[in-house]
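Please look over the interior of this protein: its pocket, its cavity and its packed cores. The report below takes these in turn, beginning with one residue.

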Amino acid sequence: DHVIAISQSTKEDVIYYYNVPEERITVLYQPVQDLFYTPLDKDLAQGLRTEALPTIPSNYLLSVGSVNSRKNLLRTLEALSTIPAGQRIPLIVVGNGKEYLKVCREFCSKHLRPADTIWLTHIKDNRTLQALYAGATAMLYPSMYEGFGLPVAEALLQGCPVLTSTVSSLPEAAGPGGLTVDPSDVEAMAAGISR
């Protein structure tokens, strides 16, 4: 009878792919989990990070999400590799994957220093994730397609700057608080990371 879409972008996809009349679709943005709506105090966030992940650096970039080609991590790593080594901030990757994860790690072993990437495949606690967002210099999420893009909203709610894509629903998820770049443009992504 009626379709609920989690973004305007999803609504447009439903119209295009399923030929559903626009008046039968309502956009209701997907909410994040309740805990993300209350930003963590910086000291509490630091304590949580230190307790859960004692070896992470104090200055880092963050990537959150499953490690698959749609999330575009390889291009993010390519962009990071173009930044001079002395100016790079380590990238913490929170997420897991299979073949694409192997491809990304191979790229890192050839083009980045070991200290440039930290892989966290075991984060299951959203409070720790919230603390990671709160302490990150920026969160990088240049995905090629999303229905909404929850990590973008989660990061912004913690006061974390976000670099995301100009495509799909990501400009909606980021709103005016995010920096958007063409997800296929490594140079633009590197400039965004540097900024």
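## A threonine inside

T164 has a relative accessibility of 0%, so this residue counts as buried, the cut-off being under 20%. The model is a predicted one. T164 sits in strand β7. Its side chain reaches the backbone oxygen of Y141 at 2.7 Å.

What does T164 touch, not counting residues up to four places away in sequence? The partners are Y141, P142, V152, L170, A174, L179, T180 and V181.

## The next residue in the strand

S165 is also placed in strand β7. Is S165 buried or exposed? Its relative accessible area is 0%, so S165 is buried. The side chain of S165 reaches the backbone oxygen of P142, at 3.2 Å.

Neighbours within four places in sequence aside, S165 is in contact with Y141, P142, S143, L170, P171, T180, V181 and P183. Y141 and P142 are on this list, and T164 touches Y141 and P142 too.

## The largest pocket

The volume of the largest pocket is about 250 Å³. Its lining has 17 residues, and A138, G192, I193, S194 and R195 are the closest to the centre.

Which elements each supply at least two residues of this lining? They are β6 (138–141), β7 (162–165) and α8 (186–194). Helix α8 gives the most, with 3 residues. By class, the pocket lining divides into 11 nonpolar, 4 polar and 2 charged residues.

## A leucine in strand β6

L140 is found in strand β6. Its relative accessibility is 3%, so L140 counts as buried.

How far apart are L140 and I193 in space, C-alpha to C-alpha? The distance is 8.0 Å, while the separation in sequence is 53 residues. I193 is among the contacts of L140 once neighbours within four places in sequence are left aside. The others listed are L61, L62, S63, T76, L91 and L163.

## The cavity

How many cavities of 30 Å³ or more does a search of the whole structure find? The search finds 1. The largest cavity has a volume of about 90 Å³. It is lined by 13 residues, and S63, V64, S66, K71 and L73 lie nearest its centre.

Two or more lining residues come from each of β3 (61–64), α3 (73–82), β4 (91–94) and β6. The lining of this cavity has 8 nonpolar, 4 polar and 1 charged residues. Strand β6 thus has a place in two linings: it gives residues to the largest cavity and to the largest pocket.

## Nonpolar cores

The largest nonpolar core has 26 residues. Which residues have the most contacts inside this core? They are L62, I92, V94, L132, Y133, M139 and V152. The elements that give two or more residues to this core are β3, β4, α5 (126–135), β6, α6 (150–157) and α7 (170–174).

V152 touches M139, Y141, V162, T164, L170, A173 and A174, with residues up to four places away in sequence not counted. M139 appears both in these contacts and among the core residues with the most contacts. A second, separate core has 25 residues, including V67, L77, L80 and A138. A138 is also one of the residues closest to the centre of the largest pocket.

## Two positive phi angles

Most residues other than glycine have a negative phi. N72 is not a glycine, yet its phi is positive, at about 70°. The residue is found in the loop between β3 and α3. N72 has a relative accessibility of 4%, so it counts as buried.

S168 is not a glycine either, and its phi is positive, at about 60°. Where is S168 found? It is in the loop between β7 and α7. With a relative accessible area of 23%, S168 is partly exposed. The value for S168 falls in the range between 20% and 50%, which means partly exposed rather than buried.

Methods: Residues numbered from 1 in each chain as written. Predicted model: local features only at pLDDT ≥ 70, side-chain atom pairs only at ≥ 80, totals over all residues. Heavy atoms only, no water. 1 Å grid on protein atoms, 1.4 Å probe; cavity = no way out; pocket = protein on both sides within 12 Å on 5 of 7 lines; lining within 4 Å. Points joined across faces, edges and corners; volume = space filled by probe spheres on them. Helix = DSSP H or I, 4+ residues; strand = E, 2+ residues; numbered from the N terminus. Nonpolar A, V, L, I, M, F, W, Y, C, P; charged D, E, K, R; others polar. Buried < 20%, exposed > 50% of the residue type's maximum accessible area, 1.4 Å probe, protein only. Polar contact = N/O pair within 3.5 Å; in protein donor to acceptor, adjacent residues only side chain to side chain. Contact = heavy atoms within 4.5 Å. Core = buried A, V, L, I, M, F, W, Y, C linked by side-chain atoms within 4.5 Å.
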